[in-house]
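The following exercises are meant to be worked with the sequence and the coordinates open side by side. Try each task before reading its solution.

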Amino acid sequence: MTNNKVITVRNLVKKFGNFTANDNLSFEVYEGEIFGFLGANGAGKTTAIRILSGLSGPTSGEVVVAGFNAKKQPEQIKKNIGYMCQKFSLYEDLTVKENIMLYGGIYGMRKKLIRERTDTLLAKLNFEEYGDRLISDLPLGLKQKLAFSVAVLHEPKIVFLDEPTGGVDPITRRQFWEMIYETAARGITVFVTTHYMDEAEYCDRISIMNEGRIVALDTPAELKRQYAADSVEEVFIKIARPANN
Amino acid sequence: MKRFFGFVKKEFLHIFRDYRTMIILFGIPAAQILLFGFVVSMDLKNARVAFLDLSRDEVTQKISDKLTSSGFFKRGETLLSYKDIDKVLRGNKTKAVIIFEKDFGRNLIRNGRATVSIIADGSEPNMATLTTNYISAIISDYNRELAGSSAGSILVQPEVRMFYNPALKGQYMFVPGVITLIMILICALMTSITITREKELGTMEALLVSPLKPVQIILGKVLPYFILSFIDLIVILVLSWLVFELPVKGSLALLLAESMLYILMSLSIGILISTVSKTMQQAIFISLVGMMLPTVLLSGFIFPIENMPEVYGWISALLPPRYFVVIIKNIMVKGTGFLYVWKETAILVAFTLAAIGLSIRNFKIRLQ
């Protein structure tokens with residue numbers, strides 16, 4: 001993790017008619033950081049991720065991702081990010097290699113480079129014999145790891161993970177997070193949303209959203225100290241449901 | 001461009017690996033053409049007729065022979081009394097019973113007038129009408145022969161010729177109709193399914209955040225179906241030519257060009273359906289109920305639009321296939337040129353542009 005900012009958000013507002021999905025968000029994310037994005041369903045996480053990844057434009061405010069303005073240069077942003085959503089982004093009826101070739105090609109990589117990276121990737125995951133298998137034949141955990149590897153195949157500056165570990169067993173989740181650490185160590189920023197509070201502990205910094213606003217943003221340790229909580233889960237409950245206290 | 005072709009290749013892989021898609025693309029069109037061509041044939045061929053001949057003379061013999069040697073009818077039971085008629089028709093094999101009155105031949109010669117009754121099975125209205133019409137025609141033909149031999153009596157003698165389809169082959173009606181139906185089925189249904197499938201799987205999100213432009217994604221998904229539909233069209237034309245001896249009378253180039261326009265329009269409608277449906281089921285429902293059924297019932301391919309109540313005529317005017325049926329029948333069967341179908345062509349272009357425009361609008365709203 002360095003001090004180079006790869007995401008800068010200032011006073012981001014996103015409205016749908018009268019409904020304000022993102023209310024004046026401001027934050028920064030640094031190169032190589034693992035940045036956790038927490039919040040209940042409908043808190044505005046997905047809206048924010050869609051804006052950061054160039055899928056939709058902000059109503060007002062300034063958003064700079066990988067050096068490009070989200071409002072004016074969404075196409076440039078798309079070339080410099082990776083993305084993996086909660087549902088799979090791999091095609092079940094294509095083989096492992098075909099999927100890698102497809103996504104590599106979409107991101108403008110040369111065939112030779114894609115083949116080289118495919119070999120390293122399969123070797124790293126002990127996947128060699130799976131190269132020509134259909135994705136539908138793989139167990140869920142393997143699919144998820146593969147989807148993540150494909151999302152960072154083109155060495156993006158940032159990778160967005162939208163609830164990447166839904167429905168996966170604890171061991172695979174743990175392996176998955178090891179892959180996330182490794183990726184961040186290579187200098188790729190990881191922007192991750194999650195439901196699992198134990199996963200939030202693994203992040204360098206976390207931001208907690210509630211009703212469209214960021215209500216807390218700091219390292220897990222600092223947040224726990226501030227709210228006098230033993231775990232991020234406790235912090236989250238104290239913040240998100242103050243009425244219950 | 002390289003990005004785009006990799007994407008198109010992937011779409012072909014989806015199609016070739018899914019046997020259901022392959023059946024819809026190539027099995028159904030061939031089956032439909034053969035089914036409609038052979039089974040749903042509206043022609044009369046070897047229909048069985050029974051005779052109740054109460055006269056048994058030379059004239060009734062002649063008329064019966066004339067009927068059964070025409071190729072339209074074959075001789076069924078020979079009945080002895082009126083009681084048997086009901087039994088024979090209930091057997092379902094015999095389509096009509098022909099009754100010659102007593103002393104038929106004698107009456108004809110002495111009075112110049114004799115009665116033959118035709119009793120048909122009305123539970124199959126089309127068949128019954130067809131049968132009675134054909135029988136009447138053959139008998140009046142015999143009438144004319146008689147009148148011709150006895151000089152002096154003057155009769156108005158109509159000479160009927162069927163233009164464009166002299167043998168009145170039913171395939172002339174069905175082949176263009178089936179092409180119209182198949183193209184809209186494959187294009188609208190398959191494109192709406194393939195696009196909504198990506199939405200359901202979540203891969204659409206992954207594609208949208210990729211450097212591929214939305215236009216490239218849609219074109220990439222649609223292009224394979226465009227190519228395969230076109231191949232389908234050629235298969236259908238060759239089949240109908242080889243099996244039913246149905247040539248394209250007009251310009252083949254014009255027919256292919258108009259078909260490309262129609263395919264393009266159907267694809268645009270498929271895209272439009274995919275922008276309004278969230279799930280594959282929804283897309284299938286809209287395509288089948290919204291496009292297929294009206295096409296079969298209201299496009300004028302089976303039931304003439306002129307005979308429909310006015311309201312249905314209006315609804316039919318909103319159905320693009322209706323215009324393509326006119327175009328393709330004109331070119332295939334009548335052999336007319338572009339001058340006769342330019343209005344319908346313009347309407348198809350308008351439908352295409354409207355569908356594309358609406359899709360872009362819906363897509364932008366969704367992306368906001």
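**Exercise 1. Determine how many residues chain B and chain A each bring to their contact, and which elements of chain B take part.**

Solution. In this predicted model, begin by counting each side: the contact takes 21 residues from chain B and 21 residues from chain A. Next, assign the chain B side to its elements, where helix H1 (2-17) and helix H8 (203-208) of chain B are those that give two or more residues. Of the elements of chain B, H1(B) gives the most to this side, with eight residues. Finally, sort the side of chain B that touches chain A by class, which yields nine nonpolar, six polar and six charged residues.

**Exercise 2. Describe the domains assigned to chain B and state how far apart their centres lie.**

Solution. The domain assignment divides chain B into domain 1, made of 2-40 and 169-367, and domain 2, which covers 47-149. Taking the centres over C-alpha atoms, one finds that 47 Å separate domain 1 of chain B from domain 2 of chain B.

**Exercise 3. Characterise the largest nonpolar core, and follow the contacts of A:Val65.**

Solution. The largest nonpolar core has 71 residues, and those with the most contacts inside it include A:Leu52, A:Val65, A:Ile158 and A:Phe191. Its largest share, six residues, comes from helix H3 (residues 96-106) of chain A. Turning to A:Val65 and leaving aside its neighbours within four places in sequence, the contacts are A:Ile7, A:Leu52, A:Ala70, A:Ile77, A:Ile81 and A:Ile158. There is also a second, separate core of 54 residues, which includes B:Met190, B:Met265, B:Leu348 and B:Phe351.

**Exercise 4. For A:Ala66 and A:Ala228, locate the loop of each residue and decide whether each is buried or exposed.**

Solution. Start with A:Ala66, whose phi is near 55°, a positive value in a residue other than glycine. A:Ala66 lies in the loop between strand E4 (60-65) and strand E5 (68-69) of chain A. A residue is buried if 20 or more other C-beta atoms lie within 10 Å of its own; A:Ala66 has 20 C-beta neighbours inside 10 Å and therefore counts as buried.

Then take A:Ala228, where phi is near 50°, again a positive value in a residue other than glycine. A:Ala228 is found in the loop between helix H8 (220-226) and helix H9 (232-240) of chain A. The limit for an exposed residue is 12 or fewer such atoms, so A:Ala228, with 9 other C-beta atoms within 10 Å, is exposed.

Methods. Residues numbered from 1 in each chain as written. Chains lettered and ligands numbered in written order. Predicted model: local features only at pLDDT ≥ 70, side-chain atom pairs only at ≥ 80, totals over all residues. Domains from an automatic or database assignment. Core = buried A, V, L, I, M, F, W, Y, C linked by C-beta atoms within 7 Å. Helix = DSSP H or I, 4+ residues; strand = E, 2+ residues; numbered from the N terminus. Contact = placed C-beta atoms within 7 Å. Nonpolar A, V, L, I, M, F, W, Y, C, P; charged D, E, K, R; others polar.
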